[in-house]
Amino acid sequence: MIEVRGLSKSFGAKQVLDGLDLSLTKGESLVVIGGSGTGKSVLLRCILGLETPDRGEILWNGRPLSEQRAAFMDGFGMLFQNAALFDSLPIWRNVAFRLLRKTGKAQARAIALEKLARVGLGPEVADLFPAELSGGMRKRAGLARAIAADPKVIFFDEPTTGLDPIRAAAINALIRSIVDETGASAITITHDMTSVRSIGDRVALLDRGRVRWQGDVSQMDHAQDEYLQDFIAGHARPNHSHPEA
Ligand SMILES: Nc1ncnc2c1ncn2[C@@H]1O[C@H](COP(=O)(O)OP(=O)(O)OP(=O)(O)O)[C@@H](O)[C@H]1O
């Protein structure tokens with residue numbers, strides 16, 4: 001469904017993406033991992049059209065995504081890092097933000113309440129403002145917004161950042177159940193290996209602007225890749241050849 005081919009992007013002398021190939025099939029949940037500064041966000045921004053690649057192409061259903069941008073964005077939802085809610089809007093309006101352009105207020109509110117319920121937030125939350133919610137609740141509200149328009153593709157950017165392990169596990173489980181239930185294709189960017197195991201069908205490890213290893217999450221623990229194993233174990237090797245960017 002999404003195919004990234006030979007994607008390269010530099011900023012000045014810094015080559016961030018260097019001929020990266022990656023694909024996402026329909027209904028698949030792909031998790032992208034990699035050290036800080038390995039280009040995960042730049043990859044996401046290129047797919048979203050917020051960055052112009054220097055080389056390479058991004059295809060959606062076999063045709064250049066750039067030629068179908070509006071249709072792609074219509075069927076796309078995103079959970080931003082730290083939820084990124086609008087502080088001045090009540091929760092229901094945050095959730096219904098995109099719907100309000102196309103639907104009447106009453107219907108948009110009804111859909112917002114339904115999506116809030118789906119992520120475990122009751123109607124009493126609808127008229128509160130983001131500052132009145134805990135971090136975990138804000139994340140849930142962000143998730144409700146991501147699924148408000150029944151997207152076919154959902155991106156989750158660091159979905160568990162800032163959450164304690166119990167709340168993070170709840171968000172991971174919620175994301176997985178939503179992905180299963182909607183049949184949406186998903187790309188998650190994370191450093192959290194618990195998220196990888198909970199959310200992903202497949203995992204891709206980025207390193208020096210390319211996919212260094214990819215495979216099913218179930219194969220990850222047995223993979224013969226030193227960097228991947230360090231990543232899973234969460235330790236650094238002395239004289240490791242992967243300094244932080
Ligand atoms: N607009 C920009 N101008 C200059 N450099 C940039 C720009 N955007 C990203 N970079 C650089 O590209 C590199 C990759 O950044 P990116 O944000 O994609 O990393 P990341 O893998 O998402 O890291 P993290 O896990 O820390 O979020 C970094 O060194 C960053 O400084």
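Helix 1 (residues 40-47) contributes the largest share of the shell around the ligand, 3 residues; helices (H or I, at least four residues) and strands (E, at least two) are DSSP runs, numbered from the N terminus. The model is predicted: local features need pLDDT of at least 70, side-chain atom pairs count only at pLDDT 80 or more, and totals for chains, interfaces and linings use all residues. Residues are numbered from 1 along each chain as its sequence is written. Of the 11 residues around the ligand, those that come nearest are Phe11, Ser36, Lys40, Ser41 and Val42, a residue being near a molecule if its C-beta atom, placed from the backbone, lies within 6 Å of it. By class, the shell comprises 4 nonpolar residues, 6 polar and 1 charged. In this division Ala, Val, Leu, Ile, Met, Phe, Trp, Tyr, Cys and Pro count as nonpolar, Asp, Glu, Lys and Arg as charged, and the others, Gly among them, as polar.

An open sheet is formed by 4 strands in the order 2-1-4-5, with antiparallel pairing. Strand 2 (14-24) and strand 5 (63-64) occupy the edges with a single partner strand each, so one side of each is left without a neighbour in the sheet. Pairing requires that DSSP finds at least two bridges between two strands. Strand 4 (residues 55-60) and strand 5 run antiparallel and are joined by 2 bridges, and Leu59 has Pro64 in strand 5 as its bridge partner. Within strand 1 (residues 2-11) lies Arg5, which is partly exposed, with 14 other C-beta atoms within 10 Å. The burial classes rest on C-beta atoms placed from the backbone: a residue is buried if 20 or more others lie within 10 Å of its own, exposed if 12 or fewer, and partly exposed in between. Arg5 and Ser23 are separated by 18 residues in sequence and by 8.4 Å in space, C-alpha to C-alpha. Neighbours within four places in sequence left aside, Arg5 is in contact (C-beta atoms, placed from the backbone, within 7 Å) with Asp21, Gly56 and Glu57.

Strand 6 (residues 76-79) runs parallel to strand 7, and 4 bridges join the two. Phe76 stands opposite Val153 in strand 7. The side chains of strand 6 alternate, with Gly77 and Leu79 buried and pointing to one face, whereas Phe76 and Met78 point to the other and are not buried.

For helix 4 (residues 105-118), 14 residues at 1.5 Å a residue should span 20 Å, and the end C-alpha atoms are 20 Å apart, which agrees; the expected span is 1.5 Å times one less than the number of residues. The buried residues of helix 4 are Ala108, Arg109, Ala112, Leu113, Lys115 and Leu116. Viewed down the axis of helix 4, these residues fall within an arc of 165 degrees, so they line one face of the helix; the arc is that of the directions from the helix axis to the C-beta atoms. They pack against helix 3 (91-95) and helix 5 (135-147), while Ala106 and Glu114, on the other side of helix 4, are exposed. Gly120, just after helix 4, takes a positive phi of about 85 degrees.

Most residues other than glycine have a negative phi. Asp150, although not a glycine, has a positive phi of about 50 degrees. Asp150 is found in the loop between helix 5 and strand 7 (153-157) and is exposed, with 11 other C-beta atoms within 10 Å. Glu158, likewise not a glycine, has a positive phi of about 45 degrees. The loop between strand 7 and helix 6 (165-182) holds Glu158, which is partly exposed, with 18 other C-beta atoms within 10 Å.

Terms used: Contact = placed C-beta atoms within 7 Å.
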